[in-house]
Every structure is written in C-alpha cells, then in structure tokens.
Amino acid sequence: MSAALPLRRIVVLDDFGDAARDSADWGGLPVEFLHDHPAEEEQARRLADADAIVLIRERTALTASLIARLPALRLVVTAGMRNRVLDMAACEARGIAVCGTDSRGSPTVELTWGLILALARMIPAQEALLRAGGWQRGAGLGMEGATLGIAGLGRIGAGVAAIGRAFGMRLLAWSPNMTEATAREAGAELVDKAGLFGRSDIVTLHLGLGPSTRGIVGAVEIGAMRRGALLVNTARGPLVDQSALIAALESGHLGGAAIDTHEPEPMTPDDPIRRAPNTILTPHLGYVTRQNFRLYFEGAVDCLHAWNRGAPLPRPLNDAARQPRGADA
C-alpha cells in the first residue's frame, strides 16, 4: 500500500453547541464544523467532497445510502468506541477506515442521578412555583429506604447502582440476559421483568437498543408500575413506548418521567412528549461534559494526524483501519 494522501477536507458533524473547536488543537488540519442537523439529501450535498468525517456519538446516522453518495470519503472518526447508527459493513465494502476515541461513562451516571433527584424531589416544579410567587406544594420522595429498579447493569447501570447503595436504597435489577452473579456484584436483587416494574418506586433504564429491546417498556410494564412511581430514561428513547408513557402521565398513574434520549434527535418541535405533564426533558446530555468532549476531539485529532503521517491509526474499529499504512507498507 502506498502512503495515504493527506486529508483535504475534514468535517465535524452536528456540533450543536460549538464545543469541538475549543476542545482540542486542530492546528494544521483542514477542518470545518457544522452546527445544524440537515436531512440526508442536504447532508450528502454538503459532504460530497469531504474525505474525512468526525461523528459526535450517534447524532448523524451514517447509513449505507448516505455513504454511497460520498465518493471522496476515506476516513470516519466516531466519538467513543461504539456507534449503532454507523454502517460498518458499508464502510468496509468501500475501504473506508473507521476509528473510535476514548470516552467516559461517568457523565451519564451523574446525569441519571441528577434527573432522579430532580424528579423525585420535584425540583423544577417547586422552583417554577417559587419564581411565580408561590411557596412549597406537595412532598417529594426521599431516597433512603426507597426501591430503585435498574434495567441493565453494564458500566453505566452498575455506576447508578453504586450511588443508590450510598443513598441507602433497596436495589432491584433485571435485563434479558442478566445473571444472579451480576446483580449480586452490584448489590441488587435479581428479579424478573414484572418484578422490576411492579416493585420499584423508581425505574431507571440502562439497556442497549436493538430489535429485541425496541419498545421493551410498553403499556404492560408501565401499567404494572406502582401508582406515583417514576421512570427515568438516559439510555435510548425507543426503549419506551411513548404513547403508553404519555397516557400514564396524563392519567396520573405515573408520578413523573425524566427523559434524556429521544427519537428522532434533535426532537421535533411538535413531539407530544413536550406537552406531557410531570416530565423533565433534557436534550441527550448524558455524555455531554467538557471532559468527555476533550477525550472525543483530542482522540479525533490523533487519528487525523496519524492518517496524514501515514502512521498506524489509533483505536481502529474495522479492518480498513487496521491495514498497514505508510510509504513502505
């Protein structure tokens, strides 16, 4: 293989908050930053001559159809080491190299607990009441002695469990493939799906999204929750049947829901969840911290410079990225 040609146009997609520019030293790289999220037709037009793309997590789906319309594309860098909306097979078929970056799971754990506490103690509603000239109304749910149901005990779910233990909560855990040993290690009681939703004061979701988990929390699961129970989702929006969730909120069966992930993203202005009562909605902030962005974009810069030097690419994610590089390769 001959030395790779230096990159001529690098595009960072979906930099909504203009965070990428100041999170790394892009000096010497022909990079530009896009701050909106156009439809695929416009995306293809903008990126037609880009030979490298930097993806911020899963904000843009790099589908086979979009890849087919990007004839110049040679390198994709995705923030983190997994991206479910990046068509790896299409990249591999075209010989497009894909690299990842380091990332932290702790920011999502932190946001989950921020949402749990804000929802349980009714912080946004009480703050709005105070600003409107009122005073406290109602009583929130304390954490000590309450039951926290955790769906999924991966890196993030286990981190959420550790904080629940520190609050003195009773922990229940379930996922389709969870073992008793995994639950025990997190200090949780392994229960079945019905037990998780039926016995918890708060249910928090930390499952991956796939064909078997899409809509895994539906009308049956929500209906089984205790009256006044709370649901928190910082995993993936489509895990939950939104119509069933809104119905339970409007009827008062659920005490509230806090949701950080949505479909589509960005959320459309007319999304009905915006009007649902007793909700806290955030715009997919789970991973959005200064520390994570430094890891993402410094990692992206490392990969881009390695390409331009003809050096081995760090953190390769497909065979095209693992191929020998350099003039003597």
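Let's start with contacts. If you take the contacts in the protein chain with a separation of 6 or more, 61% of them are between residues 24 or more positions apart. Keep in mind as we go that this is a predicted model.

So what is the chain built from? The secondary structure comes to 12 helices and 12 strands. The radius of gyration is 22 Å, and the globule rule gives 20 Å for 329 residues, so the chain is as compact as a globular protein of that length. If you want a box around the C-alpha atoms, taken along the principal axes, the box is roughly 70 × 50 × 30 Å.

On to burial and surface. Of the 329 residues, 50% count as buried. The chain exposes about 15,200 Å², and 53% of that comes from carbon and sulfur atoms. As for charge, there are 34 positive and 36 negative side chains, with the centres of the two sets 3 Å apart.

Okay, let's go into one helix. Please find α10, residues 242–251. Which of its residues are buried? They are Ala244, Leu245, Ile246, Ala248 and Leu249. And what covers them? The cover includes a helix, α9, at 219–224, along with the strands β10 at 230–233, β11 at 256–259 and β12 at 279–281.

Have a look at both ends of α10 as well. At its start, a side-chain oxygen of Asp241 comes to within 3.0 Å of the backbone nitrogen of Ser243. Just after the helix there's Gly252, with a positive phi of about 85°.

Now follow the chain on to the loop between β11 and β12, where you'll find Pro264 and also Pro266. Here's a bit of background first: most peptide bonds are trans. In this loop, the bond joining Glu263 and Pro264 is cis, with omega at about 0°. Then the bond from Glu265 to Pro266 is cis too, with omega near -5°. If you're scrolling through the backbone, that's a stretch to pause on.

Staying with backbone geometry, let's do phi. Most residues other than glycine have a negative phi. Which residues here go the other way? Arg57 is one of them, with a positive phi of about 50° although it is not a glycine. Arg57 is in the loop between β3, residues 52–55, and α2, residues 64–68. Is Arg57 buried or exposed? Its relative accessibility is 17%, so Arg57 counts as buried, the cut-off being under 20%.

Then there's His284, again with a positive phi, near 50°, and again not a glycine. You'll find His284 in the loop between β12 and α11, which runs over 290–309. His284 comes in at 15% relative accessibility and therefore counts as buried.

Let me jump to another arginine, Arg74. Arg74 is in the loop between α2 and β4, with β4 covering 75–78. What does its side chain reach? One partner is the backbone oxygen of Leu5, at 3.0 Å. Another is the side chain of Asp51, in a polar contact at 2.9 Å. Leaving aside neighbours within four places in sequence, Arg74 is in contact with Leu5, Pro6, Leu7, Asp51, Gly95, Ile96, Ala97 and Trp307.

Next, strand β3, and Ile53 within it. At 1% relative accessibility, Ile53 counts as buried. Who does Ile53 touch, not counting residues up to four places away? The list is Val11, Leu13, Leu47, Leu70, Leu73, Leu75, Val76 and Val77. Take Leu13 from that list: Ile53 and Leu13 are 40 residues apart in sequence, with their C-alpha atoms 7.2 Å apart in space.

Last stop, Ala146. Ala146 is in the loop between α5, at 123–131, and β6, at 147–151. With 4% relative accessibility, Ala146 counts as buried. Beyond residues up to four places away, Ala146 touches Leu141, Met169, Arg170 and Asp201. And how far is Ala146 from Arg21? The two are 125 residues apart in sequence and 43 Å apart in space, C-alpha to C-alpha.

That's the tour. If you'd like to look again at one place, I'd pick the loop between β11 and β12, with Pro264 and Pro266.

How values were computed:
Residues are numbered from 1 along each chain as its sequence is written. This is a predicted model: local features need pLDDT of at least 70, side-chain atom pairs count only at pLDDT 80 or more; totals for chains, interfaces and linings use all residues. Side-chain values use heavy atoms; hydrogens and water are left out. Helices (H or I, at least four residues) and strands (E, at least two) are DSSP runs, numbered from the N terminus. The radius of gyration is taken over C-alpha atoms; the globule rule is 2.2 Å times the number of residues to the power 0.38. Buried means under 20% relative accessible area, exposed over 50%, partly exposed in between (1.4 Å probe, protein chains only). Contact means heavy atoms within 4.5 Å. Accessible areas come from the Shrake-Rupley method with a 1.4 Å probe; for residues, only the protein chains shown count as cover. Lys and Arg count as positive and Asp and Glu as negative; His and the chain ends are not counted. The place of a charge is taken as NZ of Lys, CZ of Arg, CG of Asp or CD of Glu. A polar contact is a pair of N or O atoms within 3.5 Å; within protein, one must be able to donate a hydrogen and the other to accept it, and residues adjacent in sequence count only if both atoms are side-chain atoms.
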